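Colleague: Before I rely on the descriptive terms used for this model, I should like to hear the grounds for each of them. Could we go through them one at a time?

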Amino acid sequence: MRFYCPRCWRDFAKDVTICPHCGLDIREFWKSRDYVEKLIIALEHPEKETPIRAAWLLGQLKDSRAVLPLIELVKKTEDVYIARAAVQALGEIDTPEARQFLGTLVQHQAKMVRDEVDRILAKNENTPKHLKKRRGL
Ligand SMILES: [Zn+2]
């Protein structure tokens with residue numbers, strides 16, 4: 001098992017209290033954050049299974065603090081699995097902001113992401129009719 005610094009993301013073979021690279025007090029860092037904040041930080045984790053799982057959990061928790069970080073993740077990730085996980089989470093959280101952002105993704109380059117967006121928009125009764133119509137939903 002590898003351990004990571006949540007600020008510089010260097011990894012270590014063992015659990016350390018202070019990051020030897022950037023000096024962050026890792027124990028204090030985690031202690032001062034609640035579960036949702038930790039999951040949001042985990043979205044940046046370099047091993048892709050972690051952001052995917054964090055996004056899924058954030059979707060289950062439906063905490064609106066996750067909306068902006070998830071949107072940023074979709075915008076910057078080049079991994080379609082991570083993008084899809086973030087899109088699914090945004091569909092679950094479903095704030096007006098999340099919904100509006102999902103509406104902009106109908107042209108996303110990855111079919112896997114577009115299909116997920118279509119699925120979310122189709123089942124969501126809050127989706128504006130013109131958007132459903134245009135997508136043939
Ligand atoms: Zn560090």
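Colleague: Why is Cys-19 called buried?

Modeller: This is a predicted model, and the term rests on a computed value. Cys-19 has a relative accessible area of 2%. Buried means under 20%, so Cys-19 is buried.

Colleague: What makes Cys-22 count as partly exposed?

Modeller: Its relative accessibility is 28%. The class in between runs from 20% to 50%, and Cys-22 therefore counts as partly exposed.

Colleague: Which residues coordinate the zinc ion?

Modeller: The SG atoms of Cys-5, Cys-8, Cys-19 and Cys-22 coordinate the zinc ion, at 2.3 Å. A sulfur atom within 2.8 Å of this metal is taken as a donor, so the four SG atoms at 2.3 Å qualify. Along the chain, the donors have the spacing C-x2-C-x10-C-x2-C.

Colleague: Why is the arrangement of the four donor atoms around the zinc ion called tetrahedral?

Modeller: The donor atoms subtend angles of 105 to 119°. Four donors count as tetrahedral if all angles lie between 85 and 135 degrees, so the arrangement is tetrahedral.

Colleague: Where does Pro-46 lie, and what does Pro-46 contact beyond its neighbours within four places in sequence?

Modeller: Pro-46 is in the loop between α2 and α3. Leaving aside those neighbours, Pro-46 is in contact with Tyr-4 and Trp-9. In addition, Pro-46 and Asp-11 are 35 residues apart in sequence, with their C-alpha atoms 9.6 Å apart in space.

Colleague: Why is Pro-46 called partly exposed?

Modeller: The relative accessible area of Pro-46 is 48%. Exposed would require a value over 50% and buried one under 20%, so Pro-46 is partly exposed.

Colleague: What makes Glu-78 exposed?

Modeller: Glu-78 has a relative accessible area of 81%. Exposed means over 50%, and Glu-78 is therefore exposed. Glu-78 is found in the loop between α4 (67-76) and α5 (80-93). From C-alpha to C-alpha, Glu-78 and Ala-13 are 27 Å apart in space, and they are 65 residues apart in sequence.

Colleague: How are the axes of helix α2 and helix α3 placed relative to each other?

Modeller: The axes of α2 (residues 35-42) and α3 (residues 49-61) come within 8 Å and cross at roughly 145°. Their crossing is left-handed. On the α2 side the contact is made by Tyr-35, Val-36, Leu-39, Ile-40 and Ala-42, and on the α3 side by Thr-50, Pro-51, Ala-54, Leu-57, Leu-58 and Leu-61.

Colleague: How many residues of the contact of α2 with α3 are nonpolar, polar and charged?

Modeller: They divide into 10 nonpolar, one polar and no charged.

Colleague: Why are the phi values of Lys-62 and Asp-94 pointed out?

Modeller: Most residues other than glycine have a negative phi. Lys-62 has a phi near 55°, a positive value. Asp-94 likewise is not a glycine and has a positive phi of about 55°. Lys-62 sits in the loop between α3 and α4, and Asp-94 in the loop between α5 and α6 (96-104). With a relative accessible area of 45%, Lys-62 is partly exposed.

Colleague: What is the secondary structure of the chain?

Modeller: The chain has eight helices and two strands, in the pattern β-β-α-α-α-α-α-α-α-α along the sequence. Of the 137 residues in the chain, 42% are buried.

Key:
Residues are numbered from 1 along each chain as its sequence is written. This is a predicted model: local features need pLDDT of at least 70, side-chain atom pairs count only at pLDDT 80 or more; totals for chains, interfaces and linings use all residues. Side-chain values use heavy atoms; hydrogens and water are left out. Axes are lines fitted to C-alpha atoms, for helices over the stretch in contact, and angles run from 0 to 180 degrees between N-to-C directions. Helices (H or I, at least four residues) and strands (E, at least two) are DSSP runs, numbered from the N terminus. A crossing is left-handed if the near helix is turned anticlockwise from the far one by less than a right angle, and right-handed if clockwise. Contact means heavy atoms within 4.5 Å. Ala, Val, Leu, Ile, Met, Phe, Trp, Tyr, Cys and Pro count as nonpolar, Asp, Glu, Lys and Arg as charged, and the others, Gly among them, as polar. Donors are N, O and S atoms within 2.8 Å of the metal (3.2 Å for Na, K and Ca); water is not among the atoms, so sites may look incomplete. Four donors count as tetrahedral if all angles lie between 85 and 135 degrees; four count as square planar and six as octahedral if opposite donors are over 155 degrees apart and all others between 65 and 115; anything else is irregular. Buried means under 20% relative accessible area, exposed over 50%, partly exposed in between (1.4 Å probe, protein chains only).
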